Amino acid sequence: MEEDPGRGHYAKKLTEKEIKKLEHEQQLSDYQRTKFEREAKKSWDLFYKRNTTHFFKDRHWITREFPELLQAISEVDDSHPVLLEVGCGVGNALFPLLEENDALFVHACDFSPRAIEFVKSHPGYTEARCSAFVCDITEEPLSSRLRENSVDIALMIFVLSAISPNNMIPALKNIFQVLKPGGSVLFRDYGLYDHAMLRFGRGHKISENFYVRQDGTRAYYFSEEKLAEVCKSAGFQVAENRYIQRETVNHKDSISVERIFVQGRFVKPNSECTPKPLSDCTSPPTIITRCLSLYRTTHNQTIIHTRIVALTKMKQYYRAKMVFYCPLSIKLERCESSSSVCLPRDEDCRPP
Ligand SMILES: C[S@@+](CC[C@H](N)C(=O)[O-])C[C@H]1O[C@@H](n2cnc3c(N)ncnc32)[C@H](O)[C@@H]1O
């Protein structure tokens, strides 16, 4: 989809008033910027002191959005999958996930010691299935806690946005090092022109698309392009990257607001197979047909129905510019004789 940065993007068109507001925003001084950077960890720790475990809702949507989190066996070496959640907070994604997939082992880190204490005192925390530790991913190598190339899936939910743009690539490289080749980062974060971004008043803008809240915590609002750029610079291949819109209701003020997020999947390249755009590999209809027949034989009825709808749409749209990548065909090759295949979801089949 075409992006017009001055007027918005396909998920959010800016009004004249919003454009004017953004144009007139002034950035904070270098002194203030440095201060907020230095105090980032303290600000988040105080955030959890004030809000304890009550601020974020449990992320029960996580396995719906990322069905790969439900896989019981690692595709790489047939062992139980190992997950790393970075910036886990108090475990709002972690605990629903442990409940839904009892084959998972999850390493979870956050730079707020208080958040990690809350995780460890949660009734669902057990050392047999989870290891939570304090780590600032912009400074401390994850490889001092986890073996290199040992993690199947890394989860980043609203965490990269809390890191200053200068430190995003080092943070992603840190994760890259512990991921297995072929392993993925599953990502959701704030999207450009999200409702919260457009509501900041004077004195909150740190730099382009980067803001500080009243409590000193910071939030970056990602365009698809910026997200792809930092992920590629850290060595990842972009398998999925798109804006999503969600309506949320503010019960206190009885208003409903439209939130914009970016959601993505970034893959550590596998030396044997380099993902390429689908158009460069086996022809899309061939892959779709093979997917369908494979899927029918391996999955339960409900999932089959959803995926068939997605695949049918894909058939309609594949001629248009579709962002869909080759790992599907690689996976197909790898698993035609085994039991799992990851198929595109409804949202992957965006109309042109
Ligand atoms: C918006 S919260 C999201 C928490 C959790 N992922 C969730 O979805 O509920 C951002 C989290 O990132 C953590 N964080 C920010 N910068 C970090 C860093 N450099 N290293 C590790 N964690 C960080 C914060 O402490 C905070 O818990």
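**Briefing on a predicted protein–ligand model**

Of the 352 residues in the protein chain, 34% are buried. The structure is a predicted model. Its protein chain contains 12 helices and 12 strands, and a ligand is surrounded by 20 residues.

**Overall fold**

- Among the contacts in the protein chain with a separation of 6 or more, 73% are accounted for by residues 24 or more positions apart.
- The secondary structure of the protein chain is made up of 12 strands as well as 12 helices.

**The sheet of strands E8, E9 and E10**

- Three strands form an open sheet in the order E8-E9-E10, and their pairing is antiparallel.
- Strand E8, residues 205-207, and strand E10, residues 218-220, lie at the edges with a single partner strand each, so one side of each has no neighbour in the sheet.
- From one strand to the next, the twist averages 30°.
- Strand E9 covers residues 210-212 and runs antiparallel to E8, to which it is joined by 2 bridges.
- Ser207 has Phe210 in E9 as its bridge partner.

**Surroundings of the ligand**

- Which residues come nearest to the ligand, of the 20 around it? They are Trp44, Gly87, Gly89, Phe111 and Ala162.
- How many residues of the shell around the ligand are nonpolar, polar and charged? The shell holds 12 nonpolar residues, 5 polar residues and 3 charged residues.

Key:
Residues are numbered from 1 along each chain as its sequence is written. This is a predicted model: local features need pLDDT of at least 70, side-chain atom pairs count only at pLDDT 80 or more; totals for chains, interfaces and linings use all residues. A residue is near a molecule or strand if its C-beta atom, placed from the backbone, lies within 6 Å of it. Ala, Val, Leu, Ile, Met, Phe, Trp, Tyr, Cys and Pro count as nonpolar, Asp, Glu, Lys and Arg as charged, and the others, Gly among them, as polar. Two strands pair if DSSP finds at least two bridges between them. Helices (H or I, at least four residues) and strands (E, at least two) are DSSP runs, numbered from the N terminus. Axes are lines fitted to C-alpha atoms, for helices over the stretch in contact, and angles run from 0 to 180 degrees between N-to-C directions. A residue is buried if 20 or more other C-beta atoms lie within 10 Å of its own, exposed if 12 or fewer, and partly exposed in between; C-beta atoms are placed from the backbone. Two residues are in contact if their C-beta atoms, placed from the backbone, lie within 7 Å.
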